[in-house]
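Work through the exercises below with the structure in view. Try each task before reading its solution.

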Amino acid sequence: MAEKRIDPEDGEAYTYDELAAYYKGKFKKAAIAAYWDTDCKPVKRKKGKAAKEPEPKAKAKAKAKAKAKGKAKAAPEPKAKAKAKAKAKAKAEAAPKPALGKPALAGQYRSAKPVNVSALTKMCKDDLGLLPQPVKPRFKTALVGIYVRSQPYGGSDKSSNGHRYDSIPFANGMISSGMSCQLIQYVHDEHDTFFEVCKGFDALIVRCNPGQIKADGGDQGKFDDGMRGLRKLGIQVWPAPDVMEFMGAKDALCKIADMNIGLEDTLAYYDPTEFAAGFKKTMAFQPRVIKQNRGSSGEGIWIIKLKSGNYCKTFGERSCEDSEVLDMMEANDNHSEEHTVAEFVEFCINGRNSKSGTWTSKGVGKYLEGGKAAGGQLVDQRFCPRITEGELRYNMVSDALVGIIHKKPKEGGISAVGGTGSIYTYYGPKEKKFANLTKNFLTLDLPKIMPALGLEAEPIPLWWTSDFINSSPPGTEAKDEKWIVGEFNCSCVGISKCLPAYCKDDTPNACYNDIPKKDLIEVKKIGSLVGSKALDILVKEAKAKAKPAGAGDYFSAGPVDVSSLKRMTKDDLGLLPQPTKPRFKTALVGIYVRSQPFGGSDKSSNGHRYDSIPFANGMISNGMSCQLIHYVHDEHAKFFEVCKGFDALIVR
């Protein structure tokens, strides 16, 4: 009698053949064999004849079990057969996900595979809380962190094991969706090795807090360029450097000015002369908000009014004099200052000097330094008085709203930045009092944002926020209120409910297990949604890549560079896309007879031999690249030099 073992997934006993039949197509044979040997426990045999020859009912039940698990060779009795089919159908319809396994304990490391990352320096103690990687992931992903070696705990956002405090929920969300997600850290000393290893992943989630790469001695620009290189290879990066830059830049507000969530009189300045003239004109008309591009937490965001209140009735009627006094408040700490127009302009352009006067701001000014290419810019926007009522932060997972935070400034203040005494009230995504804004934002404006920012080729960020300010006059009915965006942020936005997991002086051993169970439920929901949205992006991309070439499309340019060879065809109509990481590089060699109609009696109208595409697609379907090239005798030597880059040639 064949040995039976307990499958820990459902607690039932099966023979190896039954188990293998069920998992066939889901896992490789070697993985199934290993699972049988290490995870499945042998059934303890009972003594006596009954154990060897079960009663008909027990026998039918056993066979039904085998039928549901795989296709058993033995045919059960009619009644048992019906029962087996019903059980199999129920199991198929339920389609439960494989058991995810227990989270990693202290000291356990779960990020070594499936992509080999042994060449990278391991900067963490363990992967506490991380789920086991799937044996056969749908896609291979990684979460990229940064450990600042010169700072306590590796940075102010770290748990005691060296990972960022909210990394585990993101990674577990990916794993829950059937993808692998390894936790790796960028070490600038091994820059080239790091990006070579990253080529093995299908997607990367970047969770490096702004400024930390530089703080560790690295170059943020070099890191970003490396990520841009991966995007060119077809590897998803969430968020890509350009997405962070364009969404986070203050001039994003100018690009959405014509939307429902924008203000039409939002201006951007990149040139000192342009700024001085423009600011004097807008300031003479109404109170303004001037925002620098490179600050954080409200630093360099100024709410400005004319102390005299001498505003003109129509825009452009006059410009401010250099001597007019400005009443100013900075958003980072709500402190007030008074300066002349000339002093403020000088501070913004050249920073602290004798011409700009004495400043109590923590900032240094020089907001236009380096020009547009270096992020030097100022945005000039109408001041909305109802900012004192607070702003709304919409927490987003891709295109899904997961929560709303109402941030009300401290009495007498304008900014609701954390640490200024502001009051935070939390709402669910379906809060009725904001229903009008939510509906309009999600259905009307959200689909337009990425194209408006020049990011139409990129997906909406996986985890990001949008801050809204009520620009309507007091007394406006809720259904008629206009809420405008004050800022987008997709640069390492944190999950606030995970904050108990980060280290500080009084909690130096903080870890994932310190997140309260109640909060962890909400955190897991966010992580799972992130994983689901990420999977949608990768599946959509995979389907797009799987489309055969259309008329005019050329799919034979790579991976081997054949640009030096003469192209003899119109297109590669019907050819599948070349795999990003081919197992082997092959080519199908044809000949176009220039003296004959159509290039020869065996040619299609595009110049390829009539049966070339099926051969090439067969190679591609097996994980190899197959480029369609032509031999031209005039370039004989060059042709064979190029062919040295292939592993195999099909001569047709």
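**Exercise 1: Two cysteines and the disulfide count**

Task: decide whether Cys498 is buried or exposed.

Solution. Start with the cut-offs: buried means under 20% relative accessible area, exposed over 50%, and partly exposed in between, with a 1.4 Å probe and protein chains only. Cys498 has a relative accessible area of 0%, so Cys498 is buried. Next, take Cys348. Its relative accessibility is 0%, so Cys348 is buried too. Finally, count disulfides (pairs of cysteine sulfur atoms within 2.5 Å). The count is zero.

A note on the model: it is predicted, so local features need pLDDT of at least 70 and side-chain atom pairs pLDDT 80 or more, while totals for chains, interfaces and linings use all residues. Residues are numbered from 1 along each chain as its sequence is written, and side-chain values use heavy atoms, without hydrogens and water.

**Exercise 2: The cores**

Task: find which residues have the most contacts inside the largest nonpolar core.

Solution. A nonpolar core is a set of buried Ala, Val, Leu, Ile, Met, Phe, Trp, Tyr and Cys residues joined through side-chain atoms within 4.5 Å. The largest has 51 residues, and Phe194, Phe223, Met227 and Tyr394 have the most contacts inside it. Helix H14 (residues 435-452; helices are DSSP runs of H or I, at least four residues, numbered from the N terminus) gives this core its largest share, five residues. A second, separate core has 34 residues, including Ile168 and Val397.

**Exercise 3: The whole chain**

Task: state what percentage of the 652 residues count as buried.

Solution. The share is 46%.

Definitions and conventions
Helix = DSSP H or I, 4+ residues; strand = E, 2+ residues; numbered from the N terminus.
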